[in-house]
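Here is a short colleague's note to read alongside the model. Please keep the structure open as you go through the points.

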Amino acid sequence: MIPWYNLINKLVLVLTGVLSFLGLGDYPNINFKTPPNVIFILADDLNDKVGFLNEPYKAYTPNLNALAGLSANFKDAHAAATVCNPSRLAILSSRQPFNTGVYELYPAKASEQAIKKLKLPIIMDSFRNNNYLTAGTGKILHWGNDSTKYFDEFFETSSSHDTQEDRINPNWKAWDKPENLLSDARKTQWAKDFLAHKHKKPFFMMIGYESPHLPWIVPQKYQQLNSAEINIDFKNNCDDLDDLDPKITSLYLRHINEMQKIISDKRGDQAIKAYLSSISFLDAQIGSLIESLKQNNLMNNTIIIITSDHGFHLSEKCLMRKKTLWKESSHVPLLIYVPGLKGQSYLHPVSLLDIYPTLVEICQLKEKNVFDGVSLKTAILAPDFYINRYITTTQGYKNQAIRNDNWTYIHYHSGAEELYKRDIDPLEKHNLAQKPRFKNIKRNLAKKISEPKNHNT
Ligand SMILES: [Ca+2]
């Protein structure tokens with residue numbers, strides 16, 4: 001929690017109220033007569049190649065685009081960590097990995113152990129303690145950690161695919177069984193059944209969709225939606241590593257070699273289209289869910305959050321994977337739909353740590369938890385008010401990226417550094433870390449790097 005930021009947030013809210021009262025601005029407020037329902041959709045490995053963000057190529061996502069038009073669309077949202085276990089814990093607890101001590105995918109139960117050891121309240125606790133019915137399905141915390149105990153109702157599903165297919169599939173086959181057998185489709189059906197029933201209490205629902213995580217096997221119709229040429233310059237993406245300290249590239253050698261093999265086998269285009277098709281399948285799930293909200297008259301009292309645990313490289317920096325500090329791993333979609341507000345875009349950097357405190361404020365939950373994120377209520381109500389923040393993404397122990405509007409600074413445990421002027425180089429291709437004229441900029445950004453607490457890591 002950054003006290004000065006919250007003070008500014010409060011001042012902005014007072015100011016917007018005064019301007020609105022004087023008729024000098026058109027700033028709405030959020031007033032629910034009864035506690036609103038919440039649906040929080042957390043996708044797995046969903047990167048920024050969606051229709052409502054400004055990337056060079058994107059998946060076909062008509063349902064998400066329509067929802068984005070009605071939502072606060074955070075165009076510069078970043079995960080706190082770029083692999084499942086630490087990122088999901090960070091989202092659900094609003095605590096940075098260096099404050100929970102959970103940095104890696106393994107041990108799988110690390111999240112559960114940190115919650116117990118640090119007595120971390122997580123978002124489901126807050127809603128449950130505030131008289132909400134909690135309902136969930138799918139992957140919430142990382143697999144291996146018990147998510148079910150946080151929910152009054154939980155629909156368990158196993159993955160539709162066997163573990164041997166959890167790799168970049170060379171055959172790119174389509175799912176040839178009925179679509180409703182896919183685990184994400186079963187989750188959607190369960191959620192729709194839940195929405196069709198009247199509930200005595202407001203509900204907080206979480207859906208952990210598996211898509212677009214590997215193996216990217218979806219019905220053919222989603223492949224057809226993403227069949228247009230995407231013209232990726234694979235050579236250029238691999239040459240992008242040339243300006244990096246070898247200590248950095250050495251971290252990813254195995255995966256760079258894997259990407260080189262995909263390119264030499266001429267499977268790059270197919271791989272990317274398969275990933276994008278998996279996003280379109282996810283889009284159809286969300287579209288079906290929104291249709292159900294409309295049919296049950298729930299759009300006017302239900303907040304919808306859509307985001308992902310982290311991104312995914314699709315050949316950028318010669319990688320087809322996550323778990324890096326580059327934008328492709330950390331930049332994710334973040335939509336917050338609040339009934340009664342019009343759709344707007346917020347362009348400045350925010351963190352997925354901010355979701356929990358935002359919901360606490362908007363839903364007026366009584367919660368004494370201390371957060372590392374901040375409420376985005378002001379950004380939702382008045383996105384043109386500029387607040388420059390520094391957003392931290394962590395990958396492993398003592399490797400961190402710091403982003404603000406203008407810069408990305410990355411510092412590795414090894415001492416290696418990167419610096420990108422992201423306002424003119426949004427794809428973070430031109431590393432300026434060794435240019436003497438940016439020494440002071442780099443020094444100031446380095447002050448934002450956080451020291452981990454002692455968690456015996
Ligand atoms: Ca480069």
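1. Let us begin with strand E1, which is covered on both faces: Asn-37, Ile-39, Ile-41 and Ala-43 are buried on one side, and Val-38, Phe-40 and Leu-42 are buried on the other. Buried here means that 20 or more other C-beta atoms lie within 10 Å of the residue's own; 12 or fewer makes a residue exposed, anything in between partly exposed, and the C-beta atoms are placed from the backbone. E1 spans residues 37-43, and seven of its seven residues are buried. In a regular strand the side chains alternate between the two faces of the sheet. Strands, like helices, are DSSP runs numbered from the N terminus, with at least two residues (E) for a strand and at least four (H or I) for a helix.

2. A word on what you are looking at. This is a predicted model, in which local features need pLDDT of at least 70 and side-chain atom pairs count only at pLDDT 80 or more, while totals for chains, interfaces and linings use all residues. Residue numbers start from 1 along each chain as its sequence is written.

3. Which strands pair with E1? One is strand E7 (residues 302-308), joined to E1 in the parallel sense over seven bridges. Another is strand E6 (residues 203-208), which runs parallel to E1 with five bridges between them. Two strands count as paired if DSSP finds at least two bridges between them. Leu-42 is a handy residue to click on: its bridge partner in E7 is Thr-307, and in E6 Leu-42 stands opposite Gly-208.

4. Now step back to the whole protein, which has 16 helices and 15 strands. Its radius of gyration is 21 Å, close to the 23 Å that the globule rule gives for 457 residues, so the protein is as compact as a globular protein of that length. That radius is taken over C-alpha atoms, and the globule rule is 2.2 Å times the number of residues to the power 0.38. Along the principal axes, the C-alpha atoms fill a box of roughly 60 × 55 × 45 Å. Of the 457 residues, 49% count as buried.

5. How much of the contact network joins residues at least 24 apart? Among contacts between residues at least 6 apart in sequence, the share is 71%. A contact means that two C-beta atoms, placed from the backbone, lie within 7 Å.

6. There is also a smaller item to find: an open sheet of three strands, in the order E8-E3-E11, with mixed pairing. Its edge strands are E8 (331-332) and E11 (350-351), each of which pairs on one side only. Strand E3 (residues 77-78) runs parallel to E11, with two bridges between them; there, Ala-77 stands opposite Val-350.

7. For a helix pair, try helix H3 (residues 84-93) and helix H5 (residues 110-117), whose axes come within 9 Å and cross at roughly 35°. Axes are lines fitted to C-alpha atoms, for helices over the stretch in contact, with angles from 0 to 180 degrees between N-to-C directions. Where do they meet? Asn-85, Arg-88 and Leu-89 in H3 meet Ala-110, Ser-111 and Ala-114 in H5. By class, this contact has three nonpolar, two polar and one charged residues. Ala, Val, Leu, Ile, Met, Phe, Trp, Tyr, Cys and Pro count as nonpolar, Asp, Glu, Lys and Arg as charged, and the others, Gly among them, as polar.

8. Two cis peptide bonds deserve a look. One joins Tyr-106 and Pro-107, with omega about -5°; Pro-107 sits in the loop between helix H4 (97-100) and H5. Another joins Leu-214 and Pro-215, with omega about 20°, and Pro-215 is in the loop between E6 and helix H8 (220-225).

9. Next, two positive phi values outside glycine. Asn-131 has a phi of about 70° and lies in the loop between helix H6 (123-129) and strand E4 (133-138). Cys-318 has a phi near 60° and belongs to the loop between E7 and helix H13 (327-330). Buried or exposed? Asn-131 counts as exposed, with 11 C-beta neighbours inside 10 Å, whereas Cys-318 is buried, with 23 other C-beta atoms within 10 Å.

10. Finally, Phe-234 is in helix H9 (residues 234-239). Phe-234 is partly exposed, because 19 other C-beta atoms lie within 10 Å. Leaving aside neighbours within four places in sequence, Phe-234 is in contact with Ile-263, Gly-268 and Ser-315.
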